Amino acid sequence: MNTSDPAAQAAETITVALVGSGGSGVMTAGDFLLRAASKAGWYGMMTRSSGPQIRGGEAAAYVTLSSRPVDAPSDRFDMLYAIDWKNAERFSAEIPLDTASLIVSGEAGATVPDAFTKGGARIAELDVKALLKDVSGGRPNMLALGVVCTLMGIQPDAVEDVLESRLGKKGAMAIESSTAAAELGAKCARDLPSFPKLSTPAQNGPEHWVITGNQAAGLGALRGGIRFVAAYPITPATEILEWMSPRLPKVGGNLVQAEDELASINMAIGASYGGTPSLTATSGPGLALMTESIGLAIASETPVVVVDVMRGGPSTGIPTKSEQGDLNLAVFGLHGDAPHVVVAPTSISDCVFTTQWAVHLAESMQTAAIVLSDQALGQTISVIDKPADIAFATRRLVADTVDESYNRYALTGTGVSPMSLPGTPGGQYTADGLEHNPRGTPSSTAEDHAAQMEKRLQKIVEFDYGSHWADIDGDGDVAVVTWGSMTGPVREAARRVDPDGSKVRVVSLRLLAPAKPEWLAEALDGVERTLVVEQTHSAQFYHYLYSHFGLDTNAEPFHRPGPLPLRPAELEAKIREWTRQ
Amino acid sequence: MTAESAPAFAAKDFKSDIKPVWCPGCGDYSVLSSVTKALAELQTPPEDVAVVSGIGCSSRIPAYTNCYGFHGVHGRALPLAIGLKVSRPDLTVIVTGGDGDGYSIGGNHFLHACRRNVDMTYIVMDNQVYGMTKGQPSPTTEPDWESGLVPGGTRIRPFMPLVVALASGANFIARGFSGDPNGTAQLIAEAIRHPGFSFVEVLSPCVTFRPEQRNWKHETHPAPVEATNDRGRAARRLATDDGFNTGVLFYDNRAPYMPPVDANLTDVQQFDREFAV
């Protein structure tokens, strides 16, 4: 809303940054802001940014609220609210401000760093310390919550509702002091410069959920039937494991914390061999350790799901920030010819579906499925429409009764052969990473090797993936091909240029491997120019499409590594230029 | 014959028809035989037994049995078996492997499997050499053993598996010798019966790369004292014995690990509620 008087009209979307030093509670304030807005019917998302400290240290919460679904980071910030300014410059590159932006300094007498004021934002100051003098137990972050909610037009009862539900465990005193601080903030807001109010959200829409991508992946896994998880903690994937851990026993499953990722992938394979759909979740360094054993799952045809919540790499890289640099590892990282499945969620909401689908694919094809999520999807809290409840007929082909002729790796014509589970009399076989004959006996003959290689490839190539292989929106002769967390910014940019979807086609690949060049060609039929958008330094996705999907030679990569998100405005400019021609 | 006098399963019922890849005279033939004898003694149906292994000569055992088997990757047999056992507690799970697989590449899993104490039996056929790759020093090799890979010897003191197992929390520790297949079968049967993580180290000569190990038949001897459940006493014995004491050397009664089970099962759809605004 770049207007001369920002308060003159209601804004469809407003983005706020809350910053503060360790212990100031900005994450809590951001979380409550998002939840209060959700209670009042708005959509939104919150991303977190923090320094390298384990606990404490400066932190920033970026909250976007809107009357329509939000699937991309904002181009700019309408407000920066600083509880204090200690080390706040660290975040300046992440918080673009301009003349329409408002900076609220909660630290009386402090100088706002130049990095924030150079764009010409208006500045207001609150002497929070003095204001809270008479509020027993009142904290600056709750005052900030009151200020921000009031400026944006979020009703006080929604704020009270959130304080009661989120602070209930801390007791009546905590609720009372927080409410008092928030009310005081609401009062202060009236004296601050004018600020746009959020436009009224649609009523009677679908049920809304507040969820992170990591929780959504955990839910999708349970919906898909995962009942064993082996876990080794790693940022930014740990929340999947922590969300699943207390819930698995409630559905008859369990989680084991392993000693390392080599153990966790093998525990998952062992459990799956026993008949239990199994999963592990990790990030790039963990996936690198697991690749040898993922090959074992493929060779022994034991279903397993591995979720990789990608972070900045290589090596330890930037563990708390997003990047899509594990694509090559997930697709090509296995030794030998090891056909497997790689899928990627196209949004936070889609983490439910895609993880559930991955379970379905792994179980149906008796192979390994890697889910490539990332930090931006995994750790962002989002207010979304309730994801659809999709029921796949997920059934592992099991040999319930066997006779003397039973061969575990029989050549069935589909590539999938019935698996006998331990306990089944007469079905005994040895699952093996060694090449084997149909019976499972180790074999190094050319004939057996060729037949089993073909079996393992055939089942994956010929599987019916339905229409789930990609999300395709819009039509026209300009196409943007993308994947994962880049889908949100691409969709937002395309919507701005082409609201009715007649000029720009957005293709987000959910099925990354096996490569399906014929499906992409069909999706791009009639397209004259193709932009390939991804968050990597070396344009991995572009090169993959070029080498394995027959991508047109005049397609152009649009790529940048993390940690800064790709913002819709950058893409919008590019797409606008192309659609004008 | 009455039902009581006719056991359902003989040792041969636990053997497959696959011919082992081992060299003539390898100690592992006897260990395979001891495993099948132990299973016959326990009368566990072959389909209710899973034999899990990593990589190496001795790790080939699963396919030579008539049980369910998993021949996994090098060093990862224990986590593979743990995943199977915790999700299928009804199965009898036996892990087999060698000293390189278990103490070197899989060393970390060995420590944590002892700690975790899942109800399973781990049989290590220790021949103090990497045989499958044709004669390199393993963690239990003497420091001055000459080899092409490390001329002049490793100059590293040998790993002490039983001491490490004790310190890490193994619930049952025994040492056997492949030259005594009946005695080893008894140890294995007892290890399987014993709840929790049971560790059986079997001295199993590699006649090809360590021909001097043929002499082990003269060096091994039953432990001169009874098994102890006193960790301090066991520590002293295991740290100071000559490496050739056979028999059950230590046992404990720690409760086996099992993940929590919830008696009140619910439907996955119940979790939808926690996300609703």
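In the predicted model described here, A:Phe91 touches a varied group of residues from elsewhere in the sequence: beyond its neighbours within four places, its contacts are A:Val19, A:Ser49, A:Ser50, A:Gly51, A:Glu58, A:Ala59, A:Ala60 and A:Tyr62. A:Phe91 sits in the loop that runs between strand S4 (79-82) and strand S5 (102-105) of chain A. Although it belongs to a loop, A:Phe91 has a relative accessibility of 1%, and because buried means under 20%, this residue counts as buried. A:Arg496 lies 405 residues away from A:Phe91 along the chain, and the C-alpha atoms of these two residues are 27 Å apart.

Stepping back to the whole of chain A, the model shows 18 helices and 21 strands. The radius of gyration of this chain is 26 Å, close to the 25 Å that the globule rule gives for 581 residues, so chain A is as compact as a globular protein of that length. Along the principal axes, its C-alpha atoms fill a box of roughly 85 × 60 × 45 Å. Of the 581 residues in chain A, 62% are buried. Among contacts with a separation of 6 or more, 75% join residues that stand 24 or more positions apart.

The surface of chain A can be described in a similar way. Its accessible area comes to about 21,400 Å², and carbon and sulfur atoms account for 50% of that. The chain carries 46 positive and 67 negative side chains, with 6 Å between the centres of the two sets.

Turning to the interior, it helps to recall that nonpolar side chains tend to be buried together in soluble globular proteins. The largest nonpolar core in the model has 140 residues, and those touching the most other members are A:Met244, A:Ile294, A:Leu372, A:Leu509 and B:Phe199. Helix H12 (residues 350-365) of chain A supplies the largest share of this core, with 9 residues. Apart from this core lies another of 56 residues, which includes A:Val26, A:Leu132, A:Val147 and A:Leu151. As for A:Met244, its contacts beyond the neighbours within four places in sequence are A:Gly218, A:Ala221, A:Leu222, A:Ile226, A:Val229 and A:Leu279.

Chain B offers a helix that is mostly covered: in H3 (residues 77-87), 11 of the 11 residues are buried. Among them are B:Leu78, B:Ile82 and B:Val86, along with B:Lys85 and B:Ser87.

Some details of the backbone are also worth a look. Most residues other than glycine have a negative phi, and most peptide bonds are trans. The bond from A:Thr235 to A:Pro236 is cis, with omega near 0°, and A:Pro236 lies in the loop between strand S8 (228-231) and helix H8 (238-247) of chain A. A cis peptide bond also links A:Gly313 to A:Pro314, with omega about 0°; here the proline belongs to the loop between strand S11 (304-310) and helix H11 (327-332).

Positive phi values appear in both chains. A:Asn204 has a phi near 60° and is placed in the loop between helix H6 (172-189) and strand S7 (208-212) of chain A. Its relative accessible area is 82%, so A:Asn204 is exposed. In chain B, the phi of B:Lys134 is near 75°, and this residue lies in the loop between strand S4 (120-126) and helix H6 (161-168). B:Lys134 is likewise exposed, with a relative accessible area of 60%.

Note on methods: Residues numbered from 1 in each chain as written. Chains lettered and ligands numbered in written order. Predicted model: local features only at pLDDT ≥ 70, side-chain atom pairs only at ≥ 80, totals over all residues. Heavy atoms only, no water. Helix = DSSP H or I, 4+ residues; strand = E, 2+ residues; numbered from the N terminus. Rg over C-alpha atoms; globule rule 2.2 N^0.38 Å. Buried < 20%, exposed > 50% of the residue type's maximum accessible area, 1.4 Å probe, protein only. Contact = heavy atoms within 4.5 Å. Areas by Shrake-Rupley, 256 points an atom, 1.4 Å probe, with all protein chains shown as cover. Lys, Arg positive; Asp, Glu negative; His and termini not counted. Charge placed at Lys NZ, Arg CZ, Asp CG, Glu CD. Core = buried A, V, L, I, M, F, W, Y, C linked by side-chain atoms within 4.5 Å.
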